[in-house]
Amino acid sequence: MTTHRPADDGPYALAVVEHMDRARTIVPPSLRLGFTARYVIALMIVATLTILIGWSGVQEINQRSTDAAIVNVSGRQRMLSQRIALLASRLASARADADDAAAERIAGQLRTATEDMGAAQDALLEGDATRGLPGSPSPEIAALYASDVEGQVEEYLRTATEVLDASTAAASARAAAELSTLATEGPLLADLNEIVAAYQAESEARLASISRNEFIVVGVMLLVLLLEAVFVFRPMSDRIRRETRRLRQAAAQHKAEAKRHAFGLRVRDAVELAETEADVVDVVALAHETSTGIGDVDLLLSDAAESDTLLPVLTQSPNQCGIREVGSCPALRRGQTMTFDTPTELGACAQFRRDARELDRDDLRCACVPLTFLGQGIGVLRTVSEGGAEIPADQLANAETVARAAGNHLGTLRAFAQTRAAADSDPLTGLLNRRGLEAELAKLGSTQHVAVIAADLDHFKAVNDTYGHAAGDQVITEAGLIMSRLTRSGDLVARVGGEEFAIVLPMDVVGSTHDLTAAARNLAERIRVEFSELASEDGPSCTISLGVAGPGPDFDDLMRQADAALYASKSAGRDRVTVAGEHVPAAS
């Protein structure tokens, strides 16, 4: 006996996924893990070195930008010092010539240049983000500023301010001359040049250091790549070549799985087109004949009404399965496919052994595939073949595919039928409700002649008020039982309201219409009489009034006529039958 694990792939699974699953059993897990670990480590090293190179490049770009801003601002100090001296001289001349307009314009330019030089001096010493200056200068340059360069700049700016603030032309001329002397003969210009040179030297040194670091990182990266090629990727390549030969077997399995998957899709589509259980059985027989090839097939399904009973619905094997209870089938109990190589082996199905003994055959082989729906066994697909070689895995898998698709669709059909029956029937009496009656009338067709009986319980409210609703439900149930018992199997009996009923009698228009109407009236009278006999007994009961119409093909019109006849029965005193169109005497 062999127990098979149900296939994990559903009817919609891709064969490629199965192939990948099987490939994991071909390629050793240690190989996959080793390759993955080596590859990830190599990528991490390369990524780290790449990040270092990128970071170094960004650092170089940022440093170049910062150094350029520093050199530019420090070099501009020299230009501003010369411009301030020139503007001071021109301002003194304009004031001497009493050219107020020119003096005012030049004074504005001088003030702007003075403020710009002062702000640039502060930015070089303290930093200025808007100018791209990082902050405090290096100790060497700070020492140059401290050696009186900072004082000279302040004195120079203070003298330029005196030129601007001079109240007379003579004072302005003296201040301008002093400023010119500081600019041309003093050490300010030389000191500013020394500051610029120092900034340039520091910039070149920093850039040279960054370039060296980049060169080192690139060299390390090249060395790492070489080592990875020798110790990581070359062994991986050799191992992959060795595994390729075994993976070709997986390719062959993939083809087989793809073929089985295509078969599963065809079976699924065929089963889904089946409208009845008989159609599903036909699909199972055809699928087994064309694709499984295991041997003769039997299909046993649980009875829709008695779920514990197994009934044979498809029989091809002379060795028919004699199991008739769901709980007696080992495959259904376990919910797994089971195969028995011989009926005499230890652990073989007891029924298979008995069936084979009756045929005096011990060379038979059996495979039982359960049909399930939502975890519940609803049938078994049983194949019987000559003993010998083991059942091919692909054929057994096809049988499982057929059983799975058939079980799902059969369960769906049964669930849908139960839901539809619940929606179309009255829960109290089990009769059709109005919706169910309309559905059954639609099946009869518009040309079918019918007679209609409308019935209503008399004084039913008094029963409810006197005995309670439970007693009223009992009276309604008894009325439904009487109508169901007295009507034919093809007649339609429905509870269409609280205490209102309708009976539709399909009729073949062969005799006279009068005879057919009389037959419908006789049925109504029998219902009335039997119900009246119940009313004479002790306990809650009431009489019934009925109206008869038809026969004819128009149900709606007949129903209106039957209702009118029913109301005539009510008006005439109740507990009577009235045929549509008959004169009914008034009640006394």
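In this predicted model, five strands line up in an open sheet, and reading across it gives the order β8-β9-β7-β10-β11. The pairing in this sheet is mixed. At the edges sit β8 and β11 (577–579), each of which pairs on one side only. From one strand to the next, the twist averages 15°.

Let's walk across the sheet, starting at β8. This strand covers residues 492–495 and pairs with β9 in the antiparallel sense, over 4 bridges. You can find one of these pairings by looking at Arg495, whose bridge partner in β9 is Phe501. The two strands form a hairpin, with 4 residues between them.

The next step takes us from β9 to β7 (residues 449–457). These two strands also run antiparallel, and 8 bridges join them. Here, a good place to look is Val450, which stands opposite Pro506 in β9.

Is strand β9 largely enclosed or largely open to the outside? Of its 8 residues (500–507), 7 are buried, so the rest of the structure largely encloses this strand.

On the far side of the sheet, β10 (residues 544–552) pairs with β11 in the parallel sense, over 3 bridges. Gly547 stands opposite Thr578 in β11. Helices pack on the sheet too. One of them is α11 (residues 434–444), which touches β7, β8 and β9 and whose direction makes about 155° with that of β8. Another is α15 (residues 555–571), touching β7, β9, β10 and β11; the angle between its direction and that of β10 is about 150°.

Now take a longer look at α15. This helix has 17 residues, and from its first C-alpha to its last it reaches 24 Å, close to the 24 Å expected at 1.5 Å a residue. Which of its residues are buried? They are Phe555, Leu558, Met559, Ala562, Ala565, Leu566, Ser569 and Lys570. If you look down the axis of α15, these buried residues fall within an arc of 145°, so they line one face of the helix. A general rule helps to read such a pattern: an α-helix has 3.6 residues a turn, so residues three or four places apart point the same way. The buried residues of α15 pack against α11, β7, β9, β10 and β11. On the other side of the helix, Arg560, Tyr567 and Ser571 are exposed.

Let's move to another part of the chain, where helices supply a nonpolar core. The largest such core holds 41 residues, and the members that touch the most others are Ile84, Leu91, Leu110, Met117 and Tyr145. Two or more residues of this core come from each of α2 (29–96), α3 (100–126), α4 (139–165), α5 (169–184) and α6 (188–272). Try zooming in on Tyr145: leaving aside residues up to four places away in sequence, this residue touches Gln121, Leu124, Leu125, Glu150, Ile195 and Tyr199.

Our last stop is Ser302, found in strand β2 (residues 296–302). Why does Ser302 count as buried? Its relative accessible area is 4%, and buried means under 20%. Ser302 has several contacts farther along the chain: not counting residues up to four places away in sequence, it touches Ser307, Thr309, Leu310, Val326, Ile378, Gly379 and Arg414.

Note on methods:
Residues numbered from 1 in each chain as written. Predicted model: local features only at pLDDT ≥ 70, side-chain atom pairs only at ≥ 80, totals over all residues. Heavy atoms only, no water. Core = buried A, V, L, I, M, F, W, Y, C linked by side-chain atoms within 4.5 Å. Buried < 20%, exposed > 50% of the residue type's maximum accessible area, 1.4 Å probe, protein only. Contact = heavy atoms within 4.5 Å. Pairing = 2+ DSSP bridges. Axes fitted to C-alpha atoms, helices over the stretch in contact; angles between N-to-C directions. Expected span 1.5 Å × (residues − 1). Arc of directions from axis to C-beta.
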